[in-house]
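Good morning, everyone. Please take a look at the model on the screen, and then I'll walk you through it.

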Amino acid sequence: MVTLGEVARHASVSASTVSYVLSGKRPISDPTRRRVRASIEQLGYQPHADARALASSRSRIIALMVPLRTDMYVPVMLEIAVAVATTARAHGYDVLLLTGEEGPSALRRVTGSGLAEAVILMDVQLDDERLPVLRAAGPPAVLVGLPADPAGLSCVDLDFTAAGALCVEHLAGLGHREIAVIGEAPGVYARHTGFAERTLRGLRDRAAELGVGLLHRPCEGGHDAVAGVLARIVDERPGVSAFVVQNETAVEPLLALLRRTGRAVPEDVSVVAVCPDPVAAQASVALTSVAIPAQELGRRAVERLIAGLSSRPDGSGTEDERTVGGTAPTAGVELLTPVLTARDSSGPPPARGVGS
């Protein structure tokens, strides 16, 4: 294992100079810093994590709380998690992944022990029980999601309300007057999960503004569940000519059931999804969709967090961290603008609805 002293000899500087380059606690001239960095890279030196943490009173670990629930589409959650880990590593941080559903107790345990110096929360609910812990005496934190009351919190998310509205606008613009929404599993709404509730609000509000009929039905996903939901929709609203799907596991079963019952997409019925681009583009009919920018959400969450950690008054951030800029994990909400991509699954409505 390469030592700090070997790096110092290779760069023709003192060991303390190497230490200062790594910690950023004292100014070092640009030529010297570049020479030390080059030696570190050439020799493959890795600072000992425990020693570095003790020297700076920082663990350089970010706890990522992402409950992997059975009623959520796990690939999206994991894509965000991978983006968090990759971005954090680029800034010299490691990520501790917490996948259980312990909520506040896990948050208190991890932050109270000093194991993690910052937290990123996912699967945020409108009245999330973890938030009082953060507001009381919590560590620096960023939410990937938006609670009902984001005051004093740093949040980044897709503007799901606007995403729902965008789906309705697209279909209404094509002439559809009756839309059915196949939503997430019932448990997602029972927990008042933020992204699902906000999408539904956007769908309903825009439909009301445009005079479009809207029927929402939660769905567990899978062929049998989708078949049951589809049958109920056709029975309740025979004039439905378009579907909005916010449930990745329902996409292919819905398309298959429509084909089996002789309803062509988009000639007889249109389908629009709120889902990751790969799910939409690789479906059996390329779906018109509003993308979920999972990687961008993970990256931005870490960058907001790092900006706050590097602006600590104790000056304990490294020189590289301090160049990130920004002030504290800034309290406030950053919502990414949704983008709808038209593909093969949406078109003008037929003379009659899907139940005809």
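Of the 356 residues in the protein chain, 51% count as buried. Buried means under 20% relative accessible area, exposed means over 50%, and partly exposed lies in between, with a 1.4 Å probe and protein chains only. This is a predicted model: local features need pLDDT of at least 70, side-chain atom pairs count only at pLDDT 80 or more, and totals for chains, interfaces and linings use all residues. Residues are numbered from 1 along each chain as its sequence is written, and side-chain values use heavy atoms, with hydrogens and water left out.

Now the overall numbers. The protein chain has 15 helices and 12 strands. These are DSSP runs numbered from the N terminus: helices are H or I with at least four residues, strands are E with at least two. The protein chain exposes about 15,500 Å². Carbon and sulfur atoms supply 54% of that area. Accessible areas come from the Shrake-Rupley method with a 1.4 Å probe; for residues, only the protein chains shown count as cover.

Next, contacts, meaning heavy atoms within 4.5 Å. Take those in the protein chain with a separation of 6 or more. Residues 24 or more positions apart account for 73% of them.

On to the interior. A nonpolar core is a set of buried Ala, Val, Leu, Ile, Met, Phe, Trp, Tyr and Cys residues joined through side-chain atoms within 4.5 Å. The largest one has 50 residues. Which residues have the most contacts inside it? They are Ile 62, Ile 80, Ile 120, Val 144 and Ile 179. Helix α14, residues 294-310, gives this core its largest share, seven residues. There is also a second, separate core of 28 residues. Cys 219, Val 240, Phe 243 and Ala 283 are included in that second core.

Stay with Ile 62 for a moment. Leaving out residues up to four places away in sequence, Ile 62 touches ten names you can find on screen, including Tyr 93, Leu 96, Ile 120 and Leu 305. Leu 305 sits in helix α14. Leu 305 is buried, with a relative accessible area of 0%. The C-alpha atoms of Leu 305 and Val 142 are 6.2 Å apart, yet 163 residues separate the two along the chain.

Now the strands. Two strands pair if DSSP finds at least two bridges between them. Strand β1, residues 61-65, pairs with strand β2, residues 94-98, in the parallel sense over five bridges. Met 65 stands opposite Leu 98 in β2. Add helix α5, residues 74-90, and β1, α5 and β2 make a right-handed β-α-β unit. Right-handed means that, with the strands pointing away from the viewer, the path from the first strand over the helix to the second runs clockwise.

Ala 63 belongs to β1. Is Ala 63 buried or exposed? Ala 63 is buried, with a relative accessible area of 1%. Val 119 lies 56 residues away along the chain, but the C-alpha atoms are separated by 4.7 Å. Beyond four places in sequence, Ala 63 touches several residues, among them Leu 96, Val 110 and Val 119.

That brings us to helix α6, residues 104-112. Its buried residues are Pro 104, Ala 106, Leu 107 and Val 110. They cover an arc of only 160° around the axis, so they lie on the same side of α6. The arc is that of the directions from the helix axis to the C-beta atoms. The face turned away carries the exposed residues Arg 108 and Gly 112. Gly 112 has 67% relative accessibility. Gly 112 and Pro 139 are 27 residues apart in sequence and 9.1 Å apart in space, C-alpha to C-alpha. Just after α6, Gly 114 takes a positive phi of about 80°.

Last, a sheet. Six strands form an open sheet in the order β7-β6-β8-β9-β10-β12, with mixed pairing. β7 (213-217) and β12 (340-341) stand at the edges with a single partner strand each, so one side of each is left without a neighbour in the sheet. Even so, four of the five residues of β7 are buried. Strand β6, residues 178-182, runs parallel to β7 and is joined to it by five bridges. Ile 179 has Leu 214 as its bridge partner in β7. At the other edge, strand β10, residues 288-291, runs antiparallel to β12 over two bridges. Val 290 is partnered there with Leu 340.
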